[in-house]
Amino acid sequence: MHIFLDTANIDQIRQATKLGVISGVTTNPTLVAKEATADYEMVVKTICAIVSGSVSAEVLAEEADAMMEEARVKASWAPNVAVKIPVTAAGLEATSVLSQENIAVNMTLCFSVNQALLAARAGASYTSPFVGRLDDIGHDGMQLVQDIVEVYQQYDLKTKVIAASIRHPLHCVVAARAGAHIATVTYDVLMQMINHPLTDIGISRFLADWKKVSPK
Ligand code: E4P
């Protein structure tokens with residue numbers, strides 16, 4: 001399973017990229033707005049200069065023609081941009097045209113297997129089931145990831161599953177076991193994935209033991 005970073009924060013992207021474990025970045029209008037800018041183009045171009053893998057930029061238009069127009073502009077910002085489009089009727093229409101133009105589409109706000117199946121049929125490169133938001137309303141978000149992976153495998157659909165709206169490290173473990181191709185995580189969750197108290201205790205013990213024998 002590949003790890004994407006789910007943020008528009010440039011410092012976090014720089015820090016995480018140094019670790020050599022990040023294969024891409026996902027953004028959305030909320031994440032860009034959090035950086036107190038409305039210059040989506042500048043943010044995405046800056047990210048694409050740091051990250052060579054897929055970088056998702058979301059469209060704000062709601063009608064199919066306007067979505068296509070906006071998607072073509074966003075896709076032109078860098079060769080590794082994937083355009084994020086919600087799974088609606090207009091979104092599917094736009095995706096089916098854009099995928100014919102070889103524009104990578106990440107179908108977002110996916111909350112059901114049917115939506116994921118339609119996204120794949122429309123030619124989306126990625127589908128993003130939102131795990132945490134389903135958990136928030138008492139549904140099992142990870143079950144959706146498992147079900148989508150199973151259906152895609154059954155019909156040999158090439159669309160990649162991005163486990164999104166990840167809230168904690170256990171989500172990543174379950175997504176990986178379910179066969180999700182990618183999990184997109186916040187910087188905080190990435191740090192939580194790294195940390196383990198026994199690793200810290202082990203390092204302290206090794207250093208303390210070494211001090212006992214090492215010359216002053
Ligand atoms: C994914 O592409 C989305 O940007 C993101 O995972 C949404 O997460 P949230 O539910 O924490 O806003």
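What takes up the space of the largest pocket? The ligand does. The legends below describe close-up views of a predicted model.

**View 1. The ligand occupies the largest pocket.** Nine names make up its surroundings, given here in chain order. They are Asp6, Thr26, Asn28, Lys84, Phe130, Arg133, Ala164, Ser165 and Arg167.

**View 2. Oxygen atoms of the ligand meet polar atoms of the protein.** A polar atom in the side chain of Asp6 is 2.7 Å from a ligand oxygen. Lys84 also takes part through its side chain: one of its N or O atoms lies 2.6 Å from an oxygen of the ligand. Ser165 uses its backbone instead, with a polar atom 2.7 Å from a ligand oxygen. On its own, the ligand would expose 350 Å². The protein buries 84% of that area.

**View 3. Lys84 pairs with Glu58 in a salt bridge.** Their closest N and O atoms are 3.9 Å apart. The two residues come from distant parts of the chain, 26 residues apart. Lys84 belongs to strand E4, residues 81–86. Glu58 belongs to strand E3, residues 54–58. Lys84 is also one of the residues around the ligand. In total, the structure has seven salt bridges.

**View 4. Leu19, Val21 and Ile194 form a nonpolar patch on the surface.** The patch covers about 260 Å². Where does Ile194 sit? Ile194 is in helix H10, which runs over residues 187–194.

How values were computed. Residues are numbered from 1 along each chain as its sequence is written. This is a predicted model: local features need pLDDT of at least 70, side-chain atom pairs count only at pLDDT 80 or more; totals for chains, interfaces and linings use all residues. Side-chain values use heavy atoms; hydrogens and water are left out. Patches are made of residues with over 30% relative accessible area and no salt bridge: like charges are joined within 9 Å, nonpolar side chains (Val, Leu, Ile, Met, Phe, Trp, Tyr) within 5 Å. Accessible areas come from the Shrake-Rupley method with a 1.4 Å probe; for residues, only the protein chains shown count as cover. A salt bridge is a side-chain nitrogen of Lys or Arg within 4 Å of a carboxyl oxygen of Asp or Glu. Helices (H or I, at least four residues) and strands (E, at least two) are DSSP runs, numbered from the N terminus. A residue is near a molecule or strand if one of its heavy atoms lies within 4 Å of it. A polar contact is a pair of N or O atoms within 3.5 Å; within protein, one must be able to donate a hydrogen and the other to accept it, and residues adjacent in sequence count only if both atoms are side-chain atoms. On a 1 Å grid over the protein atoms alone, a cavity is a set of points where a 1.4 Å probe fits but cannot get out, and a pocket is an open set with protein on both sides within 12 Å along at least five of seven lines; lining residues have an atom within 4 Å of a point. A molecule sits in a cavity or pocket if more than half of its atoms lie within 2 Å of its grid points.
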